[in-house]
Amino acid sequence: MATVHLRIGDLVWGKLGRYPPWPGKVVSPPKDLKKPRGKKCFFVKFFGTEDHAWIKVEQLKPYHPHKEEMIKINKGKRFQQAVDAVEEYLKKAKGKDQTHSDDKSKSDKGRKAAKPMKIIEEDDEDAFKGGSSDKEQTDSDPEPSSVRRLVAGTVSGFKWESSPVKDDPHFHHFLLSQSEKPASSMEPITKRLKIIEEDTGSTSIQAADSTAINGSITPTDKRIGFLGLGLMGSGVVSNLLKMGHVVTVWNRTAEKCDLFIQEGARLGRTPAEVVSMCDITFSCVSDPKAARDLVLGPSGVLQGIRPGKCYVEMSTVDPETITELAQVITSRGGRFLEAPVSGSQQLSNDGMLVIVAAGDRSVYEDCSSCFQAMGKTSFFIAGEAGNAARMMLILNMVQGSFMATIAEGLTLAQATGQSQQTFLDILCQGQMASTFVDQKCQNILQGNFKPDYYLKHIQKDLRLAISMGDSVNHPTPMAAAANEVKQH
């Protein structure tokens, strides 16, 4: 690819890891955000996703020359919304350009011209180190002339405003942990937890809102390991790498590691080796048996555990399995946290999972930047390890039962001669309206049955939830009915 010469405000196509090229804008990074070592890169704000990242120069292309090419190879709805947002942005920029021209023609002809924006060449090492003056930061939004020259994209309908980056409150929010005073997000995570005591005196819930939501964060200096690169794990690892974490990966099917090695991950030959190499090791596998085998099997996690090593179980399993794993890990001097996640493959890819954790709170705090990279919100549930598993099974029981009912409603509408689309339109205007319902139903109506979450896994969660209800003599007839449907 030919050398790319870019400057602040240019619109580009940015390629990040395994994701398709997406439109974005070159912006000034926060002054406290360090530029990654190695190859030349630019700080890009992507349209619509509210995503920001350092992108290597060889992964960037100017927007206009490659627009038709990109539109031909990307047909998704969100992609089209992104392109539409770019066009809206260009339209607004053109309008401002015309207004500026009219005002200028009325002004004094001898007036001094504005200072041109600094061009950032590929070999300009200091371009994004935050050494520019406040005025340069303010003027860094693209002038119409630069918009016409190089432009790039958007995501999911977000309309890019032409105000400077530092005046964008959403963007500012993403970067609190890097640029704010200690009074805000740089406080210890324990000071930002909101404690809610339940009336029954049972488990208290402590919720910590993520300060990132897939934005720019300060990655921990701890070495991170990750075991299991399935539908959920793959998205998590991509976001950890994207946000600058040092990650070592392992998967039972070794070929799945190749893509992440290309993105900068390191390879562990066995779970034990990953644990021995890393400070914090996460795992995300399919069921209780896989979780136990990973820890207790040959060359398993337990063989790599030493005093101080942290193990975070992200798989959705039963509380008994969590209790067993916590005991064996801590018996070796290790530190244990369970942190199952709520979401789908798409939410995992987008870094918008909800993390529910329990166990060693100090591990939860050590994982703060990791949870910010992979999720929009994290919760810590006080009490014994196993409480997060209980909560997650209840959440997945509700979701599994709900989706069975929605599917039943769609088929009944069809059988009685009613429009399924009208059914969806009405549903999404009522009290049950949600992004989840809309996206799931639209996929069904469009014949898109690509799994965001495998049926066998949600059925497994229903089965475990029903078993948990049985253990405390609590009937779960709705879940039992949904479980039967999903078994068939």
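A disulfide is taken here as a pair of cysteine sulfur atoms within 2.5 Å, and chemically a disulfide is a covalent bond between the sulfur atoms of two cysteines. The structure examined is a predicted model, and under this rule it contains zero disulfides. Cys 441 illustrates the point, because its sulfur lies 6.5 Å from the closest cysteine sulfur, that of Cys 428, which is too far for a bond. Cys 441 counts as buried because its relative accessibility is 0%, and Cys 284, at 17% relative accessibility, counts as buried too.

The nonpolar interior was examined next. The largest nonpolar core comprises 35 residues, and those with the most contacts inside it are Phe 226, Leu 240, Phe 282, Val 312, Leu 337, Phe 371 and Met 374. Two or more residues are contributed to this core by each of the strands β10 (224-227), β11 (247-250), β13 (280-283), β14 (310-313) and β17 (353-359), and likewise by each of the helices α7 (231-242), α14 (361-366) and α15 (368-374). The most is given by α7, with five residues. Phe 226, when residues up to four places away in sequence are not counted, touches a set of residues that includes Val 236, Leu 240, Trp 250, Phe 282, Cys 284 and Met 314. Another core, of 24 residues, lies apart from the largest one and has Leu 6, Ile 8, Ala 53 and Leu 60 among its members.

Helix α20 (residues 477-487) has as its buried residues Ala 479, Ala 482, Asn 483 and Lys 486. These four residues lie on the same side of α20, because they cover an arc of only 105° around the axis. In general, an α-helix has 3.6 residues a turn, so residues three or four places apart point the same way. The face of α20 turned away from the buried side carries the exposed residues Pro 477 and Val 485, whereas the buried residues of this helix pack against α16 (387-415) and α19.

Within helix α19 (residues 455-471) lies Lys 460, a residue that counts as buried because its relative accessibility is 5%. The side chain of Lys 460 makes a polar contact of 2.8 Å with the side chain of Asp 461, and, leaving aside residues up to four places away in sequence, Lys 460 touches Ser 286, Asp 287, Pro 288 and Thr 316. Arg 78, found in helix α2 (residues 77-106), counts as partly exposed at 30% relative accessibility. The C-alpha atoms of Arg 78 and Gly 48 are separated by 8.7 Å, although the two residues are 30 residues apart along the chain.

Terms used: Residues are numbered from 1 along each chain as its sequence is written. This is a predicted model: local features need pLDDT of at least 70, side-chain atom pairs count only at pLDDT 80 or more; totals for chains, interfaces and linings use all residues. Side-chain values use heavy atoms; hydrogens and water are left out. Buried means under 20% relative accessible area, exposed over 50%, partly exposed in between (1.4 Å probe, protein chains only). A polar contact is a pair of N or O atoms within 3.5 Å; within protein, one must be able to donate a hydrogen and the other to accept it, and residues adjacent in sequence count only if both atoms are side-chain atoms. Contact means heavy atoms within 4.5 Å. The arc is that of the directions from the helix axis to the C-beta atoms. A nonpolar core is a set of buried Ala, Val, Leu, Ile, Met, Phe, Trp, Tyr and Cys residues joined through side-chain atoms within 4.5 Å.
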